[in-house]
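Thanks for coming. I will go through one model today, starting with helix packing and then turning to the empty space inside and at the surface.

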Amino acid sequence: MTVAPSTRERIVEAAVAMTTESGWSGVTMGSVADRVGVSRQTVYNEVGSKEGLAEAVILRELARFLEVVSVAFDRHPDDLVDAIRAATYGVLELARDNKLLHAVVSATHGADTELLPLLTTHAESLLTVAKQVVTERVTPYDVGLDGPHLDVAIDVVVRVVLSHVMQPTGRPAETADGIAWLAGRALRG
């Protein structure tokens, strides 16, 4: 049985579609309302403001990336380094063809740059959620690090992967191998 998307989900989906079609500057609360078939007030009630909509768009996309991470960890329950390699590779592959990510990163002027800070300089929400999910996935493995040191290792890995999502420097497989190697070294304590 398929559950119909909520009004909020439909609003966020519309904003994602509009951003990939014509850029964030073309997204207004009124245009989203028109596309979804609800009132502008309903859009405000669901997301609060355009800034709230921007954060919802970024967090929705983050959920897609974190699903890839979860699947990778599920496939490698006995080898943390392989899980990290697979998760990194999956994330980088998803990023490579991600239309929303490309629309946000390639925006270079005016209002189109409003989303970019949510991925870079104001990425607290994104980093908090990503680190929480990775911490939950890493905890079952025997890593031999105490809590504070494990937190540092996870923070570094998440930030390095995010950096490669935003500005890839090599093929996903090579980058995933390098990040897995680094994580393996850091997680040995």
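For the packing, an axis is a line fitted to C-alpha atoms, over the stretch in contact in the case of helices, and angles run from 0 to 180 degrees between N-to-C directions. Keep in mind that this is a predicted model.

The first pair is helix H1, residues 7–22, and helix H3, residues 40–47. Their axes lie 10 Å apart, and the packing angle is about 100°. Angles from 65 to 115 degrees count as roughly perpendicular, so H1 is roughly perpendicular to H3. On the H1 side the contact involves Thr7, Arg8 and Ile11, and these meet Thr42, Val43, Glu46 and Val47 of H3. By class, this contact between H1 and H3 has three nonpolar, two polar and two charged residues.

There is one annotation for this part of the chain. An unreviewed UniProt entry puts the feature "DNA-binding region" at residues 28–47. In the model, residues 28–47 are 80% helix and 0% strand, with the end C-alpha atoms 12 Å apart.

The second pair is H9 with helix H10, the latter at residues 172–186. Here the angle is about 170° and the axes are 10 Å apart. Angles over 145 degrees count as roughly antiparallel, so H9 is roughly antiparallel to H10. Ala153, Val157, Val160, Val161 and His164 in H9 meet Thr175, Ile179, Ala183 and Ala186 in H10. By class, the contact of H9 with H10 has seven nonpolar, two polar and no charged residues.

Now the empty space. How many cavities of 30 Å³ or more does a search of the whole structure find? The search finds one. The volume of the largest cavity is about 480 Å³. It is lined by 28 residues, of which Leu62, Phe65, Val91, Ala130 and Val161 are the closest to its centre. Val161 is also one of the H9 residues that meet H10. At least two lining residues come from each of helix H4 (50–75), helix H5 (80–96), helix H6 (99–106), helix H8 (124–138) and helix H9 (147–166). What is the make-up of this lining by class? It divides into 25 nonpolar, two polar and one charged.

Last, the largest pocket, with a volume of about 200 Å³. Its lining has 14 residues, and the closest to the pocket centre are Ala95, Arg96, His164, Val165 and Pro168. His164 appeared earlier, on the H9 side of the contact with H10. H5, H6, H9 and H10 each give at least two residues to the pocket lining. By class, the pocket lining has eight nonpolar, five polar and one charged.

Definitions and conventions:
Residues numbered from 1 in each chain as written. Predicted model: local features only at pLDDT ≥ 70, side-chain atom pairs only at ≥ 80, totals over all residues. Heavy atoms only, no water. Helix = DSSP H or I, 4+ residues; strand = E, 2+ residues; numbered from the N terminus. Parallel < 35°, antiparallel > 145°, perpendicular 65-115°, else oblique. Contact = heavy atoms within 4.5 Å. Nonpolar A, V, L, I, M, F, W, Y, C, P; charged D, E, K, R; others polar. 1 Å grid on protein atoms, 1.4 Å probe; cavity = no way out; pocket = protein on both sides within 12 Å on 5 of 7 lines; lining within 4 Å. Points joined across faces, edges and corners; volume = space filled by probe spheres on them. UniProt positions renumbered as here; feature names shortened; annotations may be inferred.
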